[in-house]
Amino acid sequence: MNHTAAQLNSNMSTFSSTGTLSPPSHSAVVVRSLLAVTSEERERILKDVEYNIFAFPAGLLTCDYLSDSGTSAMTDVQWAALMRGDESYGRNWGYYCLLDTFRDIFERGNSPQYAFQGIITGMIDSEYYRTKLLVSSHDGFVNGGPHQLERPNFFIVPQGRCAETLLFSTMSSMITEGAVEGAKVKPAIISNGFFDTTGANAAVAGFELQTFTQPGLSDAFPLHLIGKKNFFKGNLDVAAAEAYMDAHPGQVVMILTTITNNWAAAQPVSMANIRTTAALAKRKDIPFFFDACRFAENAFFIHEYEEGYADKSIAEIVQEMFSYIEGFTISLKKDGLSNMGGVLCFKDKGMFAQTYEGIGLRLKERQILCYGNDSYGGMSGRDLMTAVTGLYEVTKKTYLQNRIGQVQSFAQKLLANGIAVLSPPGGHAVYLEMDEFFVGCDRKPDDFASVGFTLELIKDFGIRAAEAGPFGWEWDKKSPEERKKIPNLVRFAVPRHVMSEEHIDYTVAAIKDLHDRRHKIPNVVITRGKDMRLRHFSSGLQPVPVDHTITGSYMEEASRQLSRLAQVIKMDIGAKGQLLNALALAGGKYGQRPVPQELDMSKWLSDVSNDHSFFEYSVAMDQDTGDAELRFLIEAQSEGSCNIVQMQESALRLNDAIAKGYSSTVSLDRLKILQDLFMPSPAEGIFAAWHSCAASKAGPEWKIYLNPSGSGSGTAFSVAREAFERLGLSSAWELLASTITPSDSVLYFALDLSPHPEHSRVKVYLAHPGASASAIAQKHAQICPNACAYSIQQFCASMSGGSLGPYEAKPVLSCFAFTSEAPDRPVGTVHFPVVAYAENDAEIQRRMKEYMNVASVSAAYRERYGKMISAVQRRPLDQGRGLHAWVSLKQGSRKKRTTTFYLSPELFGPLPTTHSKLSNGTKHAD
Ligand code: F0G
């Protein structure tokens, strides 16, 4: 299943789940110009506010994703309604309108009465009051006429958390006073996820909080299903909730379901889940409430993704959702499309009202004491009118399609750019998965690198988002058990009606840019207020630059990078251990030396890596399955390590050590037959021998690379032929020789050091200076039964950035592998020296991605490739080249295609970027 950026982009916001194109839902009427602020200016301000993102002035930002709460741009209808706000102290008309709007939205489904319309248009008289606004109403969430006075059940407050305070504190005092039959001293509330103020309000009132979110929030979600399916990851885990209730009889006094579940990355709750929760609450005889902040967004998810709801209107769905509950709190700052406001209401004469007999009058008393009388509860008459109209605007399907579509398209654009987001995206926000973002960057939770990311985002781009990870969740103060549950996310909450696609595209590009240079994103320390409650609002911080200087020994660094590679390819832990042991053996005593800051030019300059590091890693990946094999290549060093004679001695010593250490899997027998050919005395050449070790299922597999030019460059061809003859492979040599042309040279000769001569390989590496893709492909097609000339040309073209050659900057190599079992059926591999054909590693990565598209590799392959590069890189990819040294394509039997990436450890830094063009005949300085 491969999903290209183009595919991901194609099912974005404008298409609904049924594939129909939905038109834009609104146009701009008023706009606000943004200030032009430079990065330097924002950096100064960040310093002034002690790097606390909450304290950064919003007016200096370009995109503010801190919250979707109260940040909506209102519609022209709301602004019109605002002008009709009445600021009278007692019974302003907004009060009546809001009451009736709640009945319309939450209870009347497809039959609203729109009592507010007469107020807005001024078409009212006393009869209008009597027939529309003052009508008697009872048994629902909003009593009307005398019933609201006798049995108040609807309470206006300034915002959501005030409704929570009212509810929990009043319930708690009634329980403490013994006014509630059967309630325990430390009552508990169960939820699918408490928003932080909700949880805090309940806890302060003396309730124990029990959160049971359906498992699997961070489970991988098939990306091509985004916009097509939804697993309602915000659901309450009803079974777990019931088990808790059974184990704690009488303790739970309420179930509170948050729709959408802000605690669980804005994920929706299904109607089925609401229904089963209601049934559970009924069985247990406890009230079921909603935290209904984003009810309309939740209803839209049900409409789009839950079976049986596609043909129902949003109004009907909302009506059904609310038919299952006893009451709810709501912040009108979200799905009220208003800048302020909140409400608490509960069913008249319902189970809650009966259990907490007389609670309405008590709530009203507290409301008046804390916020203002019941006519306004702390809201201005104008804001009441904006909330009234906002509730109708926010439940329009066209609006919701656009709203949810925008968040979804934001997430998809990030995914298409290789940025991991919690998937599928929820209703009001996109959450970046920061462990994925920083993969391979060695960031520990208490480095607070995700906060560093948010600071860079403000500084460089004027974009504000909030960390919801180790800093916000106070990782440093938690027990090891608690730490395991702390996610590492950054939330981009999308304000309603504020952002255009231009904002989203700008933000995606900014995040991508920071991702490209994630290695340089600073960590953060808390300089003030570490132990304050809700410290993210008030503490002082300081970014700390990350130092990538290598401080350990050669082998420490090699083990670190190899271990990371092993981790990203999900290598078996035992195999990893074996490979690291093999590395330690090959590195020897010399490997324990500290890596010098600069290359010592007086020593032997190894040709294993571009920067003369004496080892290199490679990962071979199956294009279809993504299965990967990890290896290293190393040139044995010694204290002397200055000339070819000493290098030869070191190589021989390593041979012996390997033979001794791996006596059951290694044999030097075949090597001994050839030794005088490749390791003559006196010796010549750029290397004596290199060793490689691959982690295979059967244990470490050793191989030796020999230099056919050991006794002079003119002898390579005859040395190789002689070696084939001595190994009884004369016919194989004949076959190989038939494909060699005068410009080719024999560069390496490699031998599996296996005790099974029949299937252990003999490999010859040919260099093809100035050859074209088709000439190289032709050679393979001529002698290798599995070769596909077209695939080779396609590979060379992708690796070179679109050229079919001739490749003159550095020769392309071919490796032909023979066995005595099948000497006439060699397996060919084309090695492309990507480092010499691209400006920098970012360019190579782009080419790799293009190649992955043309070669239709598996999703696992794609993911592993990206992580593998992250595992070894210490710098932004566009700042130098050399990390990708070579990429090879092996065409095995049964159409098995393997690409191998040869990665430099870059101990001495990258090669400079280059602007050279292809085929210009110049050789790069590598
Ligand atoms: N419940 C939920 C689910 C919320 O998301 C919020 C606020 C509240 C209650 C409290 O409402 O702010 O009007 O007092 N959430 C905002 C946010 C602040 O950014 O997620 P409030």
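Start by selecting helix H5 (116–121) and helix H16 (381–394): both are among the elements that cover the buried residues of helix H3. Keep in mind as you look around that this is a predicted model.

Now add H3 itself, residues 76–83. Which of its residues are buried? Show the side chains of Gln 78, Ala 81 and Leu 82, and you have them. Look along the helix axis: these residues cover an arc of only 105° around it, so they lie on the same side of H3.

**Stop two: the sheet**

Next, colour the strands E2, E8, E7, E6, E5, E3 and E4, in that order. Together these 7 strands form an open sheet, and their pairing is mixed. As general background, strands of a sheet pair through backbone hydrogen bonds, either parallel or antiparallel.

Which strands stand at the edges? Select E2 (154–157) and E4 (208–211). Each has a single partner strand, so one side of each is left without a neighbour in the sheet. Turn the view a little and follow the twist, which averages 20° from one strand to the next.

Zoom in on strand E6 (residues 288–291) and strand E7 (residues 327–331). They run parallel and are joined by 3 bridges. To find a bridge, click on Phe 290 and then on its partner in E7, Phe 328.

Now bring in the helices that pack on this sheet. Helix H10 (residues 238–247) touches strand E3 (188–191), E4 and strand E5 (252–258). The direction of H10 makes about 165° with that of E3. Helix H11 (residues 271–284) also packs on the sheet, where it touches E5 and E6. Compare H11 with E6: their directions make about 140°.

**Stop three: a pair of helices**

Move along to helix H26 (residues 716–726) and helix H27 (residues 730–737). Their axes come within 7 Å and cross at roughly 145°, and the crossing is right-handed.

What meets what here? On the H26 side, show Phe 717, Ala 720, Arg 721, Phe 724 and Glu 725; on the H27 side, show Ser 730, Ala 732, Trp 733 and Leu 736. Colour this contact by class and you will find 6 nonpolar, 1 polar and 2 charged residues.

**Last stop: the whole chain**

Finally, zoom out. The protein chain has 31 helices and 24 strands, and its C-alpha trace spans about 110 × 55 × 55 Å along the principal axes. Of its 926 residues, 57% count as buried.

Technical notes: Residues are numbered from 1 along each chain as its sequence is written. This is a predicted model: local features need pLDDT of at least 70, side-chain atom pairs count only at pLDDT 80 or more; totals for chains, interfaces and linings use all residues. Side-chain values use heavy atoms; hydrogens and water are left out. Axes are lines fitted to C-alpha atoms, for helices over the stretch in contact, and angles run from 0 to 180 degrees between N-to-C directions. Helices (H or I, at least four residues) and strands (E, at least two) are DSSP runs, numbered from the N terminus. A crossing is left-handed if the near helix is turned anticlockwise from the far one by less than a right angle, and right-handed if clockwise. Contact means heavy atoms within 4.5 Å. Ala, Val, Leu, Ile, Met, Phe, Trp, Tyr, Cys and Pro count as nonpolar, Asp, Glu, Lys and Arg as charged, and the others, Gly among them, as polar. Two strands pair if DSSP finds at least two bridges between them. Buried means under 20% relative accessible area, exposed over 50%, partly exposed in between (1.4 Å probe, protein chains only). The arc is that of the directions from the helix axis to the C-beta atoms.
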